Every structure is written in structure tokens, then in C-alpha cells.
Amino acid sequence: MAQSTHDYYGRASCHARLGDYAKAAADYGEQVRLASDARQRSRALLNRAEAWIAAGDPKAAVADLMEAARLAPEDRFGLMRLAEAMLMAGDSKGAVDQMNA
């Protein structure tokens, strides 16, 4: 039986709660791949970015958050998280520029 975006989200959430962020990111990646529209894809990218941050990979999170911002520029939470991930990745200027945009 084919898995849906909801299946991958549920499994990814379980992996994240168990501290297995690599598996969480992989399942969120499947959710990104299967997303049916820009809003769903943006949310999946935000979730995967959170897994990357928890795994200690803020640069991967920045890439996902930049794509999420492109898909949903009105999402202020996503834009704020992008700035925070940029700070974590050592890009202070980018973070400030993001918050001033």
C-alpha cells in the first residue's frame, strides 16, 4: 500500500521524538516529495528544517527554509526560523538581512 504525506509526517514525528533526527529528516523528505501543493510542501520543508536543526545541521535547515520562504513568503514563522538557522550556521549578516526584509 502506498504511503501518504500523513503517514510520513506521523512516522517522522515519532522518529524526532525518539531523537533519531536523520530518520525524521528522511521521512519529512518523502513528505516534501509527495506534497500536492506549495503550502503543503512549505510545511514539510519547515518540519524537515526543524529536524536538521535538532540534528546539528543548520546549513541543511537554511536550504530548506529558503525554499519554504520562496513557496510561502507570507509565513512569518518560517521567515523567522530562517533567520535563526542562518545565525546557527554562522551567517549573522544574512540573518539580520532576513529580519530586515
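Contact here means heavy atoms within 4.5 Å, and that is the sense in which the buried residues of α6 pack against α5. Everything in these close-ups comes from a predicted model.

**Close-up A. Helix α6 and its buried face.**
Helix α6 covers residues 92-100. Its buried residues are Gly-94, Ala-95 and Gln-98. Look down the axis of α6 and these residues fall within an arc of 100°, so they line one face of the helix. That buried set is what packs against α5. Flip to the other side of α6 and you find Lys-93 and Asn-100, both exposed.

**Close-up B. A nonpolar patch that takes in Met-99.**
Phe-77, Met-80 and Met-99 make a nonpolar patch of about 280 Å² on the surface. Met-99 belongs to helix α6. With a relative accessibility of 44%, Met-99 counts as partly exposed, because that class runs between the 20% and 50% cut-offs.

**Close-up C. One aromatic pair, two tyrosines.**
Searching the whole structure turns up one aromatic pair. The ring centres of Tyr-9 and Tyr-28 sit 6.2 Å apart and the planes make an angle of 55°, so this pair goes down as tilted. Why not edge-to-face? That label needs planes over 60 degrees apart. The pair links distant parts of the chain, 19 residues apart: Tyr-9 comes from helix α1 (residues 5-17) and Tyr-28 from helix α2 (residues 21-34). How covered is each partner? Tyr-9 is partly exposed, at 39% relative accessible area, whereas Tyr-28 is buried, at 6%.

**Close-up D. Asp-20 and Lys-23.**
Now for the charged side chains: the whole structure holds 10 salt bridges. One of them joins Asp-20 to Lys-23, with 3.8 Å between the closest N and O atoms. The cut-off for a salt bridge is 4 Å, so this pair makes the list. Asp-20 is partly exposed, with a relative accessibility of 27%. Lys-23 is partly exposed too, with a relative accessible area of 46%.

**Close-up E. Arg-43 reaches a loop.**
Arg-43 and Asp-75 meet through their side chains in a salt bridge, 3.3 Å from N to O. Arg-43 sits in helix α3 (residues 38-54) and Asp-75 in the loop between α4 and α5 (76-88), so the bridge ties together parts that are 32 residues apart in sequence. Is each end buried or partly exposed? Arg-43 is partly exposed, with a relative accessible area of 37%, while Asp-75 is buried, at 12%.

**Close-up F. A buried bridge between α3 and α4.**
The side chains of Asp-64 and Arg-48 form a salt bridge, at 2.6 Å from N to O. Here, too, the pair links distant parts of the chain: Asp-64 is in helix α4 and Arg-48 in helix α3, 16 residues apart. Both Asp-64 and Arg-48 are buried. Salt bridges also link Arg-41, Glu-67 and Arg-70 in a network.

**Close-up G. Val-62 and its surroundings.**
Val-62 belongs to helix α4 (residues 58-71). Its relative accessible area is 12%, and since the cut-off is 20%, Val-62 counts as buried. Which residues does Val-62 contact once its neighbours within four places in sequence are left aside? They are Leu-82, Ala-85, Met-86 and Ala-89. For a sense of distance, Val-62 and Ala-51 are 12 Å apart in space, C-alpha to C-alpha, and 11 residues apart in sequence.

**Close-up H. Leu-65, also in helix α4.**
Leu-65 is found in α4, where Leu-65 is buried, with just 1% relative accessible area. Leaving aside neighbours within four places in sequence, the contacts of Leu-65 are Leu-46, Ala-49, Gly-78, Arg-81, Leu-82 and Ala-85. Leu-82 and Ala-85 turn up in the contacts of Val-62 as well. Take Val-32 as a further marker: Leu-65 is 33 residues away from Val-32 in sequence, with 12 Å between the two C-alpha atoms.

Note on methods:
Residues numbered from 1 in each chain as written. Predicted model: local features only at pLDDT ≥ 70, side-chain atom pairs only at ≥ 80, totals over all residues. Heavy atoms only, no water. Phe/Tyr/Trp six-rings, centres within 6.5 Å; stacked < 30°, edge-to-face > 60°. Helix = DSSP H or I, 4+ residues; strand = E, 2+ residues; numbered from the N terminus. Buried < 20%, exposed > 50% of the residue type's maximum accessible area, 1.4 Å probe, protein only. Patch = residues over 30% accessible without salt bridge, like charges linked within 9 Å, V, L, I, M, F, W, Y side chains within 5 Å. Areas by Shrake-Rupley, 256 points an atom, 1.4 Å probe, with all protein chains shown as cover. Arc of directions from axis to C-beta.
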